[in-house]
Amino acid sequence: QTLNFDGNGLTVTGIISVSNKITHVGDTDTSFTFGTNEIYLETNSSNRLYIASDGKIGINDTRTNTFGRQLLVNGTVGINNDSGNVGIGFSRGTSDTYGYIGTGSWAVSGLNNDDFGITSGATGDLALAVGTGSELAVKCIKDGGVELYYDNKLTAQTLGSGFRVSSPDSYAQLQIMGFEGSDAILKLGAD
């Protein structure tokens, strides 16, 4: 190991061992701290980046052990690409892609650059759920169909030949109501 100071800076060849913390001179509330198998980066005396012993990362938060995810961000995340579309791809393993969320045709084929899209991968459906029990509300089927659910039960779906309304509990209803009490019109056949 060598330590060399040439007037322009310090050069170390080998390992630097620090027992606890590296602090910025003249700005002691900015530091790089080593815990037991943990790393903290602090500015203005607040933790900004935390890396836990299991590899989980917290940004503005150290609760990675109770959150249960690999990355926890306490705040708003911005994703930007000044030269093109931007988004997130979801994958399992090294090659299977299960979905995209983002802008333009990168996310959904046929979108304009200023459009926002969500898509499932080539083999799956896209589902939207609501409530604490994550009850299924809408399902976009990979062949282009759409299903609507109420209380986790299929109530309406598009078909290649039309639209079906169903009820698993009682008789099915199709209600057509006008806006704010105005008349409603149901047209069947061609104009």
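A residue counts as buried under 20% relative accessible area, as exposed over 50%, and as partly exposed in between. The exercises below apply to a predicted model.

**Exercise 1.** Decide from the relative accessibility of Phe34 whether this residue is buried, partly exposed or exposed.

Solution. The relative accessibility of Phe34 is 29%. Because partly exposed covers the range between under 20% and over 50%, Phe34 counts as partly exposed. Phe32, with a relative accessible area of 29%, is partly exposed by this reasoning.

**Exercise 2.** Find how the rings of Phe32 and Phe34 are arranged, and then how those of Tyr40 and Tyr50 are arranged.

Solution. A pair of aromatic rings is described by the distance of the centres and the angle of the planes. For Phe32 and Phe34 the centres are 5.0 Å apart and the planes stand at 75°; since an angle over 60 degrees counts as edge-to-face, that is the name of this pair. For Tyr40 and Tyr50 the centres are 4.9 Å apart, and with 40° between the planes the pair is tilted. This second pair links distant parts of the chain, as Tyr40 belongs to strand β5 (residues 38–43) and Tyr50 to strand β6, 10 residues apart. Both Tyr40 and Tyr50 are buried.

**Exercise 3.** Work out which strands stand at the edges of the open sheet.

Solution. The six strands of the open sheet follow the order β3-β4-β5-β6-β7-β8, with mixed pairing. β3 (21–24) and β8 (71–73) each have a single partner strand, so they stand at the edges, and one side of each is left without a neighbour in the sheet. From one strand to the next, the twist averages 15°.

Technical notes. Residues numbered from 1 in each chain as written. Predicted model: local features only at pLDDT ≥ 70, side-chain atom pairs only at ≥ 80, totals over all residues. Heavy atoms only, no water. Pairing = 2+ DSSP bridges. Helix = DSSP H or I, 4+ residues; strand = E, 2+ residues; numbered from the N terminus. Axes fitted to C-alpha atoms, helices over the stretch in contact; angles between N-to-C directions. Phe/Tyr/Trp six-rings, centres within 6.5 Å; stacked < 30°, edge-to-face > 60°. Buried < 20%, exposed > 50% of the residue type's maximum accessible area, 1.4 Å probe, protein only.
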